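Let's work through a few short exercises together. Keep the sequence and the model open while you read, and try each task before you look at its solution.

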Amino acid sequence: MTEQPPTAEYRIEDLAHISGATVRTIRAYQDRGLLPRPERRGRANVYGDAHLARLRQIADLLDRGYTLASIKELLEAWDAGLDLGGVLGLVAEIDGPWTDEEASRISRADLDTAFGGTSHDAAVAEAVDLGVLERVPGRDDEFLVPSPQELAVAAELHSAGVPLLAISGHLREVRGQVEHIASRFLDFTTEHVFQPFLDHPPTDAEAAEAAALVRRLRPLAQQTIDAELARAMRTLATRYLRHHLSEALPAESRKADGACGGTRSAGEAEPMAGGPGDVPRPRSAPGPVADPRTATVPATDSAAVSETVPEAASETVVLPSDAVEAVRALVGAENTAAFIAAAAHREVAARTMDALAAGGHGDHGADDPER
């Protein structure tokens, strides 16, 4: 028969030193029922290894975000004979990384270089407050970057001309909206997926099943947001571009566009009745434009659009390159020439109709420079 090693015994001061808790915290845990009472020996209280293990469990659960009330329920279930191994495994799964991105470090000099070479203490303080940067203990010239991708986005925005404090202000706004979306997704999955696991302390098998569901569902929120953001950006960017192109056109062209009802590019959203701020209603995308015209855009200050029409002579028309690029972004490279040609024909037709309505002749009205 092997002899069991003696059980360690601690005074409360020794237990506090070994566990990292304070004497006051240990006594508070006892009062709350989280920690068993010590053994009384004469005038001294004696603690053992079970107390040390319990303190470490409490500290671990607090680090995972549990409240003392929920920790007490878990520990009571454990004391009643339920194995918490599965539950803690589920907690570890939820607390695990929700992204494949790995944190990195950056020096203050490299940080300043990435943002134009100018030191900006207020912007750095904002980034630390937002958690985009984390200070490294004992190193004033180095930061931990939890998301290098997020920092790279900020650097790109700044290089495009966005002020640093405007970037941090925008991030605060976006973060609040994203946290709302995350909360709604958690409510949704809790109601329809995880509720059966929350009605009672789960067994090891149930906790393992829930952990597997977490692994399956974890990427769905990001995939949904990625798809919806792409859809919204496409819809709104097209609308913004049309609006600014319309504002840049001469007044006569805008009037003609309104008289003819305008055109929409393939896949562009059509506003619902009720005002410009209403939610857009997506339209079904028509097929590609059947037009033999082709466009060539040389890399010069102006862009030449060459129209090749069957049974008609070709003619090269020089247009500002930024106008051609805007049209290409709106309708795609394959439809650029067709769009420009159609816009020109529509303008001619509109002026002809104006002339006819005024009692003139269509040919004259179309050529009348005063119109």
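A polar contact is a pair of N or O atoms within 3.5 Å; within protein, one of them must be able to donate a hydrogen and the other to accept it. Please remember that this is a predicted model.

**Exercise 1. Find what the side chain of S168 reaches, and decide whether S168 is buried or exposed.**

Solution.
- Step 1: Go to helix α9, where S168 is found.
- Step 2: From the side chain of S168, look for the backbone oxygen of L165, which is reached at 2.9 Å. This distance fits the cut-off of 3.5 Å for a polar contact.
- Step 3: Leave out residues up to four places away in sequence, and you will find that S168 touches E126 and L130.
- Step 4: Buried means under 20% relative accessible area. S168 has 8% relative accessibility, so S168 counts as buried.

**Exercise 2. Explore the largest nonpolar core and say which helix gives the largest share.**

Solution.
- Step 1: This core has 17 residues, and those touching the most other members are I106, L111, F115, V132, L133, F143 and L151.
- Step 2: At least two core residues come from each of α7 (121-130), β6 (139-145), α8 (148-159) and α9 (164-198). The largest share, 4 residues, belongs to α7.
- Step 3: Now zoom in on I106. Setting aside residues up to four places away in sequence, I106 touches L111, L133, D141, E142, F143, V145 and L151.
- Step 4: Another core, of 16 residues, lies apart from the largest one; L34, Y47, I71 and L75 are among its members.
- A general thought to take along: in soluble globular proteins, nonpolar side chains tend to be buried together.

**Exercise 3. Work out where Q57 lies and how far Q57 is from L75 in space.**

Solution.
- Step 1: Look in helix α3, residues 49-63, to find Q57.
- Step 2: With a relative accessible area of 24%, Q57 is partly exposed.
- Step 3: Along the sequence, Q57 and L75 are 18 residues apart, while their C-alpha atoms are 9.1 Å apart.

**Exercise 4. Name the residues that make the nonpolar surface patch, and the helix that gives the most to this patch.**

Solution.
- Step 1: The patch covers about 370 Å² and is made by I181, I225, L229 and M233.
- Step 2: Helix α10, residues 204-248, gives the most, with 3 residues.
- Step 3: I181 sits in helix α9. Its relative accessible area is 41%, so I181 counts as partly exposed.

Methods. Residues are numbered from 1 along each chain as its sequence is written. This is a predicted model: local features need pLDDT of at least 70, side-chain atom pairs count only at pLDDT 80 or more; totals for chains, interfaces and linings use all residues. Side-chain values use heavy atoms; hydrogens and water are left out. A nonpolar core is a set of buried Ala, Val, Leu, Ile, Met, Phe, Trp, Tyr and Cys residues joined through side-chain atoms within 4.5 Å. Buried means under 20% relative accessible area, exposed over 50%, partly exposed in between (1.4 Å probe, protein chains only). Contact means heavy atoms within 4.5 Å. Patches are made of residues with over 30% relative accessible area and no salt bridge: like charges are joined within 9 Å, nonpolar side chains (Val, Leu, Ile, Met, Phe, Trp, Tyr) within 5 Å. Accessible areas come from the Shrake-Rupley method with a 1.4 Å probe; for residues, only the protein chains shown count as cover. A salt bridge is a side-chain nitrogen of Lys or Arg within 4 Å of a carboxyl oxygen of Asp or Glu.
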